[in-house]
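Visitor: I have a model open and would like a walk through it. Can we start with how you decide what is buried and what is exposed?
Guide: Yes, once the structure is up.

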Amino acid sequence: MKKIWIIHNSLHGNSEQISKTIAEDLKTTYDVSIDSIKNITPEDIVKDDPYGLVVATRILAFRSDNEIREFIKNMDRVITKPISKVAYFSTHALRWKNFFIKGMTKTLEKAECVGEICPEFLEVKMEKAEGPAIEGSDVKIGEFISTLRNFMN
Ligand SMILES: Cc1cc2nc3c(=O)[nH]c(=O)nc-3n(C[C@H](O)[C@H](O)[C@H](O)COP(=O)(O)O)c2cc1C
């Protein structure tokens, strides 16, 4: 089974919850590990030589969470070969603006540890910072999982 890592930096649990939903589905086909970057180091990911990586990105102060961007940058220090397939998604509470995710896109595009980036991206709006996700999000998340399955193939 190919290895896929899903990483998040969830405070309120929104991006963790979606990460878990994705993990549950992908587990039928892949060897999936999921954790908060607070519990792991870049070395933990790299030693598994993962085929795929999914990065949950929360939006803080109109930007992609800097801590998870730093984590990816730090993976560059220890990686020996790029992770073939990398995808990302975002949770947020305000009306979506494309610039929210620009920082993460830039980080992934620059990172040597990142191979191909999934061209499709998921953003899930929360009713408020603590959640829950707005109505209709389950369908979007399901569609993203299908996209991921095609992309990770
Ligand atoms: C300090 C702070 C700042 C935030 N800033 C924004 C923001 O600028 N835009 C937005 O859409 N959501 C913002 N949010 C909402 C979070 O992006 C949203 O709650 C997200 O789902 C949190 O993810 P988590 O539950 O995985 O921690 C902010 C939340 C916090 C706590």
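Guide: A residue is exposed if 12 or fewer other C-beta atoms lie within 10 Å of its own, and buried if 20 or more do. Keep in mind that this is a predicted model.

Visitor: Fine. Is Asp 49 buried or exposed, then?
Guide: Asp 49 has 11 other C-beta atoms within 10 Å, so it is exposed. Asp 49 sits in the loop between α2 (42-46) and β3.

Visitor: What is the phi of Asp 49?
Guide: Near 45 degrees, which is a positive value in a residue other than glycine. Most residues other than glycine have a negative phi.

Visitor: Which loop holds Phe 62, and what is the phi there?
Guide: Phe 62 is in the loop between β3 and β4 (63-64). The phi of Phe 62 is positive too, near 70 degrees. Phe 62 counts as exposed because it has 11 C-beta neighbours inside 10 Å.

Visitor: And the peptide bond from Gly 131 to Pro 132, cis or trans?
Guide: That bond is cis, with omega near 0 degrees. Most peptide bonds are trans. Pro 132 belongs to the loop between β7 (122-125) and α5 (137-152).

Visitor: Step back a bit. How many helices and strands does the protein chain have?
Guide: There are 5 helices and 7 strands. Along the sequence they come in the order β-α-β-α-β-β-α-β-α-β-β-α.

Visitor: What radius of gyration does the protein chain have, against what a compact globule would have?
Guide: The chain has 14 Å, and a compact globule with 153 residues would have a value near 15 Å, so the two agree. Along the principal axes, the C-alpha atoms fill a box of roughly 40 × 30 × 25 Å.

Visitor: What share of the residues is buried?
Guide: Buried residues are 38% of the 153 in the protein chain. As for contacts between residues at least 6 apart in sequence, 79% join residues at least 24 apart.

Visitor: Now the helices. At what angle do α3 and α4 cross?
Guide: Roughly 5 degrees, with the axes of α3 (residues 66-78) and α4 (residues 102-110) coming within 10 Å. Angles under 35 degrees count as roughly parallel, and α3 and α4 are therefore roughly parallel to each other.

Visitor: Which residues meet there?
Guide: From α3, Arg 69, Ile 72 and Lys 73; from α4, Gly 103, Met 104, Thr 107 and Leu 108. By class, this contact of α3 with α4 has 3 nonpolar, 2 polar and 2 charged residues.

Visitor: Leu 108 in helix α4: buried or exposed?
Guide: Leu 108 has 21 other C-beta atoms within 10 Å, so it is buried. Leaving out residues up to four places away in sequence, Leu 108 touches Ile 72, Val 86, Tyr 88, Val 114 and Ile 117.

Visitor: And how far apart are Leu 108 and Met 126?
Guide: They are 24 Å apart in space, C-alpha to C-alpha, and 18 residues apart in sequence.

Visitor: Last topic, the ligand. How many residues surround the ligand, and which are the closest?
Guide: The ligand is surrounded by 18 residues, and the closest are Ser 10, His 12, Asn 14, Ser 15 and His 92. The shell has 9 nonpolar, 7 polar and 2 charged residues.

Visitor: Which elements each supply at least two residues of that shell?
Guide: These are α1 (14-26), β3 (52-60) and β5 (83-92).

Methods: Residues are numbered from 1 along each chain as its sequence is written. This is a predicted model: local features need pLDDT of at least 70, side-chain atom pairs count only at pLDDT 80 or more; totals for chains, interfaces and linings use all residues. A residue is near a molecule or strand if its C-beta atom, placed from the backbone, lies within 6 Å of it. Helices (H or I, at least four residues) and strands (E, at least two) are DSSP runs, numbered from the N terminus. Ala, Val, Leu, Ile, Met, Phe, Trp, Tyr, Cys and Pro count as nonpolar, Asp, Glu, Lys and Arg as charged, and the others, Gly among them, as polar. Axes are lines fitted to C-alpha atoms, for helices over the stretch in contact, and angles run from 0 to 180 degrees between N-to-C directions. Angles under 35 degrees count as roughly parallel, over 145 as roughly antiparallel, 65 to 115 as roughly perpendicular and the rest as oblique. Two residues are in contact if their C-beta atoms, placed from the backbone, lie within 7 Å. The radius of gyration is taken over C-alpha atoms; the globule rule is 2.2 Å times the number of residues to the power 0.38.
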